[in-house]
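Work through the exercises below with the sequence and the 3D structure at hand. Try each task before reading its solution.

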Amino acid sequence: MKHYEVEILDAKTREKLCFLDKVEPHATIAEIKNLFTKTHPQWYPARQSLRLDPKGKSLKDEDVLQKLPVGTTATFYFRDLGAQISWVTVFLTEYAGPLFIYLLFYFRVPFIYGHKYDFTSSRHTVVHLACICHSFHYVKRLLETLFVHRFSHGTMPLRNIFKNCTYYWGFAAWMAYYINHPLYTPPTYGAQQVKLALAIFVICQLGNFSIHMALRDLRPAGSKTRKIPYPTKNPFTWLFLLVSCPNYTYEVGSWIGFAIMTQCVPVALFSLVGFTQMTIWAKGKHRSYLKEFRDYPPLRMPIIPFLL
Amino acid sequence: MSRVFLIWAVTHSVKEVQSEDSVLLFVIAWTITEIIRYSFYTFSLLNHLPYLIKWARYTLFIVLYPMGVSGELLTIYAALPFVRQAGLYSISLPNKYNFSFDYYAFLILIMISYIPIFPQLYFHMIHQRRKVLSHTEEHKKFE
C-alpha cells in the first residue's frame, strides 16, 4: 500500500506549517485535521479550513485523501476560522433567553413598569394566552435542539453567539414590554381575532414541528447525508410539494399569527425581520438543492408557494 | 446618512432651531469638506490629481470634522426642548398598535452614539492621512 505525504501551508503566507509522512490513502480530511492539531494544539479541528487552493472552497471532513486530485505528496492550504462554538450551545443560549425574559415582563417584575404595577396580573385573557404561546414556542425550540435536530456542522464562529443573542433577547424584551404593559390595548376585533390568530399559530407550530421531524428522518443519526425531502403521510408535510423549506414557511406563519393575536407592532417587526432572514436562508438552501439534485421538483419555490 | 438626518429630521423639523449658530457651523464645515472631496474624486477620475487637493482632503478634516460634529451635536441639543414640548414624532401608550416611540429619548441616544463613532472615524482618517501623504512623498523622492 502506497503511503501519501501531506504538507500543510498557510493560505495567506504560504508558510509551511506541518509535514505529515506515511499518511494512509484512505485517511479522511477529519483524520488529517486531527494530526495537524497534534503539532498546533491551538488550532483544534473545528477551527481548521483545509483546501486544495488557497482561495478555494474548504474540503469536507468526509473527503478521502486518495479520492482528491492530489499527487502522492498532497499540498493543503490552511485557514484559521477563528474561535468556534457548538451550534447546540448557541441554540440553547439564544432560545433560553427569550423564554426567561418574556416571563420577567409577564410577571411584572419590579423596575420595568411603575411600582404600583409590581407583580400585578393583566386583566386581558389575550395577554395570558400570548404568554403561553410565546413560552410554548421557545420550549419547543429548546427540546428540538436537544432531541430532534441533526446538525451538518458542529460549530459556528464564536462572535455569532453575541450577535444572535442580542437579536433574540432584544426582540423578546421589546415585544414582552408592550404585550404585558398595564396600558396594553387588546385586539380591535376582540375574541374573534384572537381565536383566528391562535388557530393560525397552533397550526403553524404543528406544521413546523412536523417538518423538523420529517427532515430528521431523512438523515440517520451521526451521518451528514443529504436527500430531497418529500411529503409523508402527515398532511403538514404536504407543503413540501410547493416549497423547499416549509419549516420556515410555518415559522413565519406562527409569528404572523402571534402578531395578529397581540396586535402589537414590535411583534410584526420581529416577524418581518425573521421573514427576511429566513427567505435568504431558504433561497440558499433551494439553490443548493437545485445544484446537488438533477431531478429536483420544478414546482417548488424556496419559502412562499408560487411566489418567493 | 447623518447629513440627511440632521437636515430633515432635526433642522427642517424643528423650526425654532434654524436660526442657531450651530447650524451655520455644520453647514460651513460640510460645504468646504464637500467642495474638496468632490474635486478630489473628479480629478482622480481624470487621472490628474493636483497634490494640493489631495493634501487638502487629508489635512483639513482635522479641523473641519470636529467643527461639523460640534455643529451637529449643538443643533440636536438645541432642538431637544422643542421636541419634548411638541411631542414631535412621538407616540405614547395606550394605542391600538401597542407601540410607543419617544423621539426625545431617541435624539439623546443619537447624541450618545457620537461618543464611540466619532473617534473611530477620526482616527481612521488620521491613519489614512499618514498612508496617503507619506506614499506621495516617497514617490517624489524617487523622481
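**Exercise 1. Find how H3(A) and H5(A) are oriented relative to each other.**

Step 1. Take the packing angle: H3(A) and H5(A) pack at about 0°, and their axes are 12 Å apart. Axes are lines fitted to C-alpha atoms, for helices over the stretch in contact, and angles run from 0 to 180 degrees between N-to-C directions. Helices (H or I, at least four residues) and strands (E, at least two) are DSSP runs, numbered from the N terminus.

Step 2. Apply the cut-offs: angles under 35 degrees count as roughly parallel, over 145 as roughly antiparallel, 65 to 115 as roughly perpendicular and the rest as oblique. H3(A) and H5(A) are therefore roughly parallel to each other.

Step 3. List residues at the meeting of the two helices. From H3(A) they include A:Val126, A:Leu129, A:Cys133 and A:Phe136. From H5(A) they include A:Val194, A:Leu198, A:Phe201 and A:Gln205.

Before going on, note that this is a predicted model, in which local features need pLDDT of at least 70 and side-chain atom pairs count only at pLDDT 80 or more, while totals for chains, interfaces and linings use all residues. Residues are numbered from 1 along each chain as its sequence is written, chains are lettered from A and ligands numbered from 1 in the order in which they are written, and side-chain values use heavy atoms, with hydrogens and water left out.

**Exercise 2. Do the same for H5(A) and H6(A), and give the handedness of the crossing.**

Step 1. Helix H5 (residues 190-218) of chain A packs against H6(A) at an angle of about 160°, with the axes 8 Å apart.

Step 2. That angle makes H5(A) roughly antiparallel to H6(A).

Step 3. The crossing of H5(A) past H6(A) is left-handed. A crossing is left-handed if the near helix is turned anticlockwise from the far one by less than a right angle, and right-handed if clockwise.

**Exercise 3. Check the length of helix H7 (residues 265-292) of chain A, and name its packing partners.**

Step 1. The expected span of a helix is 1.5 Å times one less than its number of residues. For the 28 residues of H7(A) this should be 40 Å, and the end C-alpha atoms are 40 Å apart, which agrees.

Step 2. Pick out buried residues (buried means under 20% relative accessible area, exposed over 50%, partly exposed in between, with a 1.4 Å probe and protein chains only). In H7(A), they include A:Pro266, A:Phe270, A:Gly274, A:Met278 and A:Tyr289.

Step 3. The buried residues of H7(A) pack against helix H3 (125-147), helix H4 (159-179) and helix H6 (246-262) of chain A. Contact means heavy atoms within 4.5 Å.

**Exercise 4. Repeat the check for H4(A).**

Step 1. The 21 residues of H4(A) should span 30 Å at 1.5 Å a residue; the end C-alpha atoms are 31 Å apart, which agrees.

Step 2. Among the buried residues of H4(A) are A:Asn160, A:Cys165, A:Tyr168, A:Phe171 and A:Ile179.

Step 3. The buried residues of H4(A) pack against strand S5 (84-86), helix H2 (87-106), H3, strand S6 (155-157), H6 and H7 of chain A.

**Exercise 5. Which residues that are not glycine have a positive phi, and are they buried or exposed?**

Step 1. A:Arg14 has a positive phi of about 60°. A:Arg14 lies in the loop between strand S1 (4-10) and strand S2 (16-23) of chain A, and is partly exposed, with a relative accessible area of 47%.

Step 2. A:Phe111 has a positive phi of about 80°. A:Phe111 is in the loop between H2 and H3 of chain A, and is exposed, with a relative accessible area of 73%.

**Exercise 6. Describe B:Gln85, then find the cis peptide bond between B:Leu93 and B:Pro94.**

Step 1. B:Gln85 is in helix H4 (residues 61-86) of chain B and is exposed, with a relative accessible area of 68%.

Step 2. B:Gln85 and B:Tyr104 are 19 residues apart along the chain, and their C-alpha atoms are separated by 9.7 Å.

Step 3. The cis bond joins B:Leu93 and B:Pro94, with omega about -10°. B:Pro94 is in the loop between H4 and helix H5 (103-141) of chain B.

**Exercise 7. Summarise chain A as a whole.**

Step 1. Chain A has 7 helices and 6 strands.

Step 2. Of the 308 residues in chain A, 45% are buried.

Step 3. The C-alpha atoms of chain A fill a box of roughly 75 × 45 × 30 Å along the principal axes.
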